[in-house]
Amino acid sequence: MRRLPDDFNVNILLPGAVWLLISVLAGRVAVARLETDAITVVMFVVISLVIFIVPMAVYMEYRKKIEQLSERKSKKASSPFGSGSSGKSQSTTEPETAYRFSFPPDFPDALKGDRTMIFMEALRHEGFLDAEYRPHDGCNATLMAFIADSIAAICNISRQWKIFGDYWHLNNMRQLLDVKNRRGSKADKEDVIISIFKKVAEADDNIRNTDAYRSWERNIKI
């Protein structure tokens, strides 16, 4: 016989059994003073079913929403960017948590991964990106090229120049980064970006313990 999943046993079967018992007892109390006949039995069954079905239906409807809300609150508490911001002031309302994202209609699917969005959200909180995760006006294109290349390296994103270039409306980012690297120079605020990315990684084992992040960290110039 196929075994029921533990999640079903704990979150549905057990609460359902307990509430069924409570419903039966409540139904029995409701008809306790009535004579035992067919009408009394029908009333007992109807009362028990109503007490059982209505709350269980509400519970089943909102159980996942409650779990998701609890998970988001837990993630917010562990995020280094859960409150406050620096850099440019934000003109939009902050999301409920750093892990609840509202994507613009043209936001690339390739950038919607959890790890990628942690970095994008951190950059937004620090004022490098706006509410739609695009560079603020007057941004340094070479710095944005460094950001795009770093996120791609850490999060294993291919075709980063096409993806970031099209969404950010920045051309020649690859060429700008190549020129910077050949000169051995740094883009303006590059050290700030490195510090932000390291802070993000330190707070998330799923990033810090990956070969991709370790490789990026070895290759950056401090």
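Lys180 is buried, with a relative accessible area of 7%, a value that falls under the 20% limit for burial. In this predicted model, Lys180 is found in helix H6. Leaving aside neighbours within four places in sequence, Lys180 is in contact with Thr142, Ser185, Lys186, Ala187 and Glu190. Of these partners, Thr142 falls within the residue range of helix H4, 141-155, and Glu190 within that of helix H7, 190-202.

**Overall architecture**

The secondary structure of the chain comprises nine helices and zero strands, and reading along the sequence gives the pattern α-α-α-α-α-α-α-α-α. The chain has 222 residues, of which 34% count as buried. Among contacts between residues at least 6 apart in sequence, 65% join residues at least 24 apart.

**Buried and partly exposed positions**

Two further buried residues, Ser23 and Ala148, can be set beside Lys180, together with the partly exposed Lys189.

| Residue | Location | Relative accessible area | Class |
|---|---|---|---|
| Ser23 | helix H1 (residues 6-30) | 0% | buried |
| Ala148 | helix H4 | 0% | buried |
| Lys180 | helix H6 | 7% | buried |
| Lys189 | loop between H6 and helix H7 (190-202) | 47% | partly exposed |

Which residues surround Ser23 once its neighbours within four places in sequence are left aside? The contacts of Ser23 are then with Ser48, Ile51 and Phe52.

Ala148 touches Gln160, Trp161, Phe164, Trp168 and Met173, when residues up to four places away in sequence are not counted. Four of these names recur on the H5 side of the helix contact described below: Gln160, Trp161, Phe164 and Trp168. Met173, in turn, belongs to H6. The C-alpha atoms of Ala148 and Arg174 are separated by 9.5 Å, although the two residues lie 26 residues apart along the chain.

**Packing of H4, H5 and H6**

How do H4 and H5 cross, and at what angle? The axes of helix H4 (residues 141-155) and helix H5 (residues 160-168) come within 10 Å and cross at roughly 135°. Angles of 65 to 115 degrees count as roughly perpendicular and those over 145 as roughly antiparallel, and H4 and H5 are therefore oblique to each other. Their crossing is right-handed. On the H4 side the contact is made by Met144, Ala145, Ile147, Ala148, Asp149, Ile151 and Ala152, and on the H5 side by Gln160, Trp161, Phe164 and Trp168. By class, these residues comprise nine nonpolar, one polar and one charged.

H5 also packs against H6, at an angle of about 115° and with the axes 10 Å apart. That makes H5 roughly perpendicular to H6. In this contact, Trp161, Phe164, Gly165 and Trp168 of H5 meet Met173, Arg174 and Leu177 of H6. The residues divide into five nonpolar, one polar and one charged. Trp161, Phe164 and Trp168 thus appear in the contact of H5 with H4 and again in the contact of H5 with H6.

**Backbone of the loops**

Two residues that are not glycine have a positive phi: Asn172, at about 60°, and Lys189, at about 70°. Asn172 lies in the loop between H5 and helix H6 (173-183). Lys189 is placed in the loop between H6 and helix H7 (190-202). With a relative accessible area of 47%, Lys189 is partly exposed.

**The nonpolar core**

The largest nonpolar core has 40 residues, and those with the most contacts inside it are Met120, Ile147, Ile151, Trp168 and Phe197. Two or more residues each are given to this core by helix H3 (114-125), H4, H5, H6, H7 and helix H9 (211-219). Which helix gives the most to this core? That helix is H4, with 10 residues.

Three of the most connected core residues, Ile147, Ile151 and Trp168, also take part in the contact of H4 with H5. Phe197 touches Phe119, Leu123, Ile147, Ser150, Ile151, Ile154, Tyr213 and Trp216, not counting residues up to four places away in sequence. Phe197 therefore has heavy atoms within 4.5 Å of those of each of these residues. Ile147 and Ile151 are thus partners of Phe197 and members of the contact of H4 with H5.

Note on methods
Residues are numbered from 1 along each chain as its sequence is written. This is a predicted model: local features need pLDDT of at least 70, side-chain atom pairs count only at pLDDT 80 or more; totals for chains, interfaces and linings use all residues. Side-chain values use heavy atoms; hydrogens and water are left out. Axes are lines fitted to C-alpha atoms, for helices over the stretch in contact, and angles run from 0 to 180 degrees between N-to-C directions. Helices (H or I, at least four residues) and strands (E, at least two) are DSSP runs, numbered from the N terminus. Angles under 35 degrees count as roughly parallel, over 145 as roughly antiparallel, 65 to 115 as roughly perpendicular and the rest as oblique. A crossing is left-handed if the near helix is turned anticlockwise from the far one by less than a right angle, and right-handed if clockwise. Ala, Val, Leu, Ile, Met, Phe, Trp, Tyr, Cys and Pro count as nonpolar, Asp, Glu, Lys and Arg as charged, and the others, Gly among them, as polar. Buried means under 20% relative accessible area, exposed over 50%, partly exposed in between (1.4 Å probe, protein chains only). A nonpolar core is a set of buried Ala, Val, Leu, Ile, Met, Phe, Trp, Tyr and Cys residues joined through side-chain atoms within 4.5 Å.
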